[in-house]
Amino acid sequence: MEYNLSKKELGYIRVAIKQAKRSSYERFLHGAVLVKGGTIISTGFNTVKGSPFLKHNFPNSLRDTMHAEMTCLHGFSTSDLAAASLYVVRIQPNTLELKNSKPCTLCEEVISWYPLKKVIYSNGGGSFSAL
């Protein structure tokens, strides 16, 4: 579903882009921002380090990266994130152009454990969608 960002949400996207630039996984630069009550409460980016969170919750997973969404959500209880919003972007390494950052199946499953108000992700070409 296509989503139109407000001016305030564009600010969250800018922060997510800054986070994506910090990624240690050169093929896919993802950044994420978790917002509650209009305040950024967590940021994250994908990294190639193994994830204790994934290893504990998904022991048979072959995942060797910690996705940006996971770094934002890690450490919060479900009640902490009632009515929070998650913004996720992916940027092209050379051009910094926004690309599709729809959360993967595993991230979608973990996101579903939290009572988030909305999850917004970049589609590429400057457009955004909501889960």
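## Overall layout

The chain holds four helices and seven strands. Read from the N terminus, the order of elements is β-α-β-β-α-α-β-β-α-β-β. Keep in mind that this is a predicted model.

Of the 131 residues in the chain, 44% are buried. Take the contacts between residues at least 6 apart in sequence, and 60% of them join residues at least 24 apart. As for the outside, the accessible surface adds up to about 7000 Å², with carbon and sulfur atoms accounting for 52% of that.

## Strand β4, covered on both faces

Let's look at β4, which spans residues 85-91. Seven of its seven residues are buried, so the strand is largely enclosed by the rest of the structure. Both of its faces are covered. One side has Ser 85, Tyr 87, Val 89 and Ile 91, while Leu 86, Val 88 and Arg 90 sit on the other, and all of these are buried.

Ser 85 is a handy residue to zoom in on, as part of β4. With a relative accessible area of 5%, Ser 85 falls under the 20% cut-off, so it counts as buried. Leaving aside residues up to four places away in sequence, Ser 85 touches Val 33, Leu 34, Val 35, Lys 117 and Lys 118.

## Who pairs with β4

Strand β2 (residues 29-36) pairs with β4 in the antiparallel sense, over seven bridges. In that pairing, His 30 has Arg 90 of β4 as its bridge partner. Strand β6 (residues 118-124) runs parallel to β4, and four bridges join the two. Here Val 88 is matched with Tyr 121 in β6.

Then there is β5, a strand made of residues 98-99, which pairs with β4 in the antiparallel sense over two bridges. Ile 91 finds its bridge partner in Leu 98 of β5. The hairpin of β4 and β5 has six residues between the strands, and in this hairpin Leu 96 takes a positive phi near 65°.

## Helix α1, one side in and one side out

Helix α1 covers residues 7-20, which is 14 residues. From first C-alpha to last, α1 reaches 20 Å, close to the 20 Å expected at 1.5 Å a residue.

The buried residues of α1 are Glu 9, Tyr 12, Ile 13, Ala 16, Gln 19 and Ala 20. These cover an arc of only 110° around the axis, so they lie on the same side of α1. What covers them includes β1 (2-3), β2, β3 (39-45), β4, β6 and β7 (127-130). So what does the face turned away from the buried side of α1 carry? That face has the exposed residues Lys 7, Lys 8, Arg 14 and Lys 18.

## The loop after α1

Between α1 and β2 comes a loop, and Glu 26 lies in it. Is Glu 26 buried or exposed? Its relative accessibility is 68%, and the cut-off for exposed is over 50%, so Glu 26 counts as exposed.

Glu 26 also has a partner to check from elsewhere in the sequence. Pro 93 is 67 residues apart from Glu 26 along the chain, yet their C-alpha atoms are separated by 7.0 Å.

Technical notes:
Residues numbered from 1 in each chain as written. Predicted model: local features only at pLDDT ≥ 70, side-chain atom pairs only at ≥ 80, totals over all residues. Heavy atoms only, no water. Buried < 20%, exposed > 50% of the residue type's maximum accessible area, 1.4 Å probe, protein only. Contact = heavy atoms within 4.5 Å. Pairing = 2+ DSSP bridges. Areas by Shrake-Rupley, 256 points an atom, 1.4 Å probe, with all protein chains shown as cover. Expected span 1.5 Å × (residues − 1). Arc of directions from axis to C-beta.
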